[in-house]
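Subject: Structure for you to look at

Hello,

Here is the structure I said I would pass on. Please open it first, then read the notes below with the model on your screen.

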Amino acid sequence: MAASLEEELSCPVCTELFTDPVLLSCGHSFCRQCINDHWTSSRSRNCPVCRQLSPQPPVSNLSLRNTCESYLRENNTRKERDREHVCQIHGEKIELFCQTDDKAICSECKDNEHEWHETQPLQQAVRQRKSQTHMTERRIRMEFEKKKEEESRISALNEEENEKEANLERRIQEGKQSLSDRVRELENLSEDNDITFLKVGSHTHTLAKYTLPDAEALIDVPKYLGNLKYQVWEKMKDVCPYCEY
Ligand SMILES: [Zn+2]
Ligand SMILES: [Zn+2]
Ligand SMILES: [Zn+2]
Ligand SMILES: [Zn+2]
């Protein structure tokens, strides 16, 4: 198969792999240099294979050129691979694996410096390695998945907590706002008319006790609320110095 492919990719004139192949109108391809030389020597533009004349100038056979190039590339890597599979010392095929030295060796190596070492066929060693790698990979992947799951749970939890905190903060701000509004109302009242203020004085009880609705039910309320209550009370004292609670 490989040989026939190489034949397919060979120029009929020079029998080498095509170099810059051109296509004639008869359908045959040749190296550009080969067909030019042939035409010069035969003094007619005939095809070296079928003798048909080509009145048109030859066109580059791009697909053939690409195929030749990739064939060459593949051939080179195969040669390199083959070289890797040959013992650098003995030139023999490497087909054993020395477990003592953790090294691939040839049969000559085995008969010499690795004589008393534990060896096994290379293929077998490769299979074992592969399944070990596979298992390690699977374990790592499973642990990774577990970790990811944990992290996503934690971040979901964090999100919930952040939301709660933001909610509380908002309510506290709202509470502060409405409290200071009420206090300002009171202040205005007292400035306007002492009597009116005394009349509404009974309401100051409720005002002083004014707390943030629901906020206490949430988290660290005393930190905010305790302070707030005190501030309000201080203000109330100024507003209504003779009021006894
Ligand atoms: Zn040629
Ligand atoms: Zn031809
Ligand atoms: Zn060797
Ligand atoms: Zn060895």
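Val22 stands opposite Ser60, a residue of strand β3. Strands here are DSSP runs of E with at least two residues, helices are runs of H or I with at least four, and both are numbered from the N terminus. This is a predicted model, in which local features need pLDDT of at least 70 and side-chain atom pairs count only at pLDDT 80 or more, while totals for chains, interfaces and linings use all residues. Residues are numbered from 1 along each chain as its sequence is written, chains are lettered from A and ligands numbered from 1 in the order in which they are written, and side-chain values use heavy atoms, with hydrogens and water left out.

The sheets

β1 and β3 run antiparallel and are joined by two bridges. Two strands count as paired if DSSP finds at least two bridges between them. These strands belong to an open sheet of three strands in the order β2-β1-β3, with antiparallel pairing. β2 and β3 are at the edges with a single partner strand each, so one side of each has no neighbour in the sheet. Helix α2 lies across β1, β2 and β3 and runs at about 95° to β2. For such angles, axes are lines fitted to C-alpha atoms (for helices, over the stretch in contact), and the angle between N-to-C directions runs from 0 to 180 degrees.

Another open sheet has three strands in the order β5-β4-β6, and its pairing is antiparallel. Its edge strands are β5 (103-106) and β6, each pairing on one side only. On average, neighbouring strands of this sheet are turned by 40° against each other, direction ignored. Four bridges link β4 and β5 in the antiparallel sense. Ile94 stands opposite Cys106 in β5.

The zinc sites

Which residues hold the zinc ion (ligand 1)? Its protein donors are Cys11, Cys14, Cys31 and Cys34, each through SG, at 2.2 to 2.3 Å. Donors are N, O and S atoms within 2.8 Å of the metal (3.2 Å for Na, K and Ca); water is not among the atoms, so sites may look incomplete. The four donor atoms subtend angles of 106 to 116° around this zinc ion, and therefore the arrangement is tetrahedral. Four donors count as tetrahedral if all angles lie between 85 and 135 degrees; four count as square planar and six as octahedral if opposite donors are over 155 degrees apart and all others between 65 and 115, and anything else is irregular. Along the chain, the donors of ligand 1 follow the spacing C-x2-C-x16-C-x2-C. Cys11, in the loop between α1 (2-8) and β1 (21-23), and Cys31, in strand β2 (residues 29-31), link distant parts of the chain, 20 residues apart. Both Cys11 and Cys31 are buried. Buried means under 20% relative accessible area, exposed over 50%, and partly exposed in between (1.4 Å probe, protein chains only).

The zinc ion (ligand 2) has the protein donors Cys26 (SG), His28 (ND1), Cys47 (SG) and Cys50 (SG), at 1.9 to 2.4 Å. Its site is tetrahedral, with angles of 106 to 117° among the four donor atoms. Here His28, in the loop between β1 and β2, and Cys47, in the loop between α2 and β3, are 19 residues apart and link distant parts of the chain. His28 is partly exposed, with a relative accessible area of 29%, whereas Cys47 is buried at 0%.

For the zinc ion (ligand 4), the protein donors are Cys98 (SG), Asp101 (OD), His114 (ND1) and His117 (ND1), at 1.9 to 2.2 Å. The angles subtended by these four donor atoms are 91 to 121°, which makes the arrangement tetrahedral. Cys98 is buried, with a relative accessible area of 0%, and His117 is partly exposed at 24%.

Two residues in one loop

Ser54 is in the loop between α2 and β3, and so is Leu53. Buried or exposed, what is Ser54? Ser54 is buried, with a relative accessible area of 1%, while Leu53 counts as exposed at 53%. The side chains of Ser54 and Ser25 are joined by a polar contact of 3.3 Å. A polar contact is a pair of N or O atoms within 3.5 Å; within protein, one must be able to donate a hydrogen and the other to accept it, and residues adjacent in sequence count only if both atoms are side-chain atoms. Beyond four places in sequence, Leu53 touches Ser25, Ser44, Arg45 and Asn46, where contact means heavy atoms within 4.5 Å.

Regards
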